[in-house]
Amino acid sequence: MPPILIPPLVKFALGALGAAAVVHWAVKQTRRLNEEIERVRAASTIDPAIRRTLPTLRRDPRTDEWRVRS
């Protein structure tokens, strides 16, 4: 069976398409992550009075375990 010959221009075109697809995916993921970070950053501003009413984790000095304290 003879080997399949692919012209260099076709190889280059396929490589360029693959590279463009990877760049497109990376840009899409970067934008998605930045939007998520901005959403979390905007939501993290909690009123200090409300924040004091929420439970927090504290380390128990005797057992060295984390416990919820309100």
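Modeller: Partly exposed means a relative accessible area between 20% and 50%. Keep in mind that this is a predicted model.

Colleague: Okay, so why is Arg67 called partly exposed?

Modeller: Arg67 has a relative accessible area of 38%. Buried is under 20% and exposed is over 50%, so Arg67 counts as partly exposed.

Colleague: And what makes Arg67 and Glu65 a salt bridge?

Modeller: The closest N and O atoms of that pair are 3.4 Å apart. The cut-off is within 4 Å, so the pair qualifies. Salt bridges with shared partners also link Asp60, Glu65 and Arg67 into one network.

Colleague: How do you know that strand 1 and strand 2 pair?

Modeller: Residues 56–59 and 66–69 are joined by 4 bridges, and the strands run antiparallel. At least two bridges are needed, so strand 1 and strand 2 pair. Within the pair, Arg58 stands opposite Arg67.

Colleague: Over in helix 1, why does the contact between Arg41 and Glu38 count as a salt bridge?

Modeller: Their closest N and O atoms are 3.0 Å apart, and the limit is 4 Å, so it counts. Arg41 and Glu38 sit about one helical turn from each other, because they are 3 residues apart in helix 1.

Colleague: Last one: why is Ile4 called exposed?

Modeller: Ile4 has a relative accessible area of 78%. Exposed starts over 50%, so Ile4 is exposed. Ile4 lies in the segment before helix 1, and belongs to a nonpolar surface patch with Ile6, Val10, Leu14 and Leu17, about 520 Å² of accessible area together.

Conventions. Residues are numbered from 1 along each chain as its sequence is written. This is a predicted model: local features need pLDDT of at least 70, side-chain atom pairs count only at pLDDT 80 or more; totals for chains, interfaces and linings use all residues. Side-chain values use heavy atoms; hydrogens and water are left out. Helices (H or I, at least four residues) and strands (E, at least two) are DSSP runs, numbered from the N terminus. Patches are made of residues with over 30% relative accessible area and no salt bridge: like charges are joined within 9 Å, nonpolar side chains (Val, Leu, Ile, Met, Phe, Trp, Tyr) within 5 Å. Accessible areas come from the Shrake-Rupley method with a 1.4 Å probe; for residues, only the protein chains shown count as cover. A salt bridge is a side-chain nitrogen of Lys or Arg within 4 Å of a carboxyl oxygen of Asp or Glu. Buried means under 20% relative accessible area, exposed over 50%, partly exposed in between (1.4 Å probe, protein chains only).
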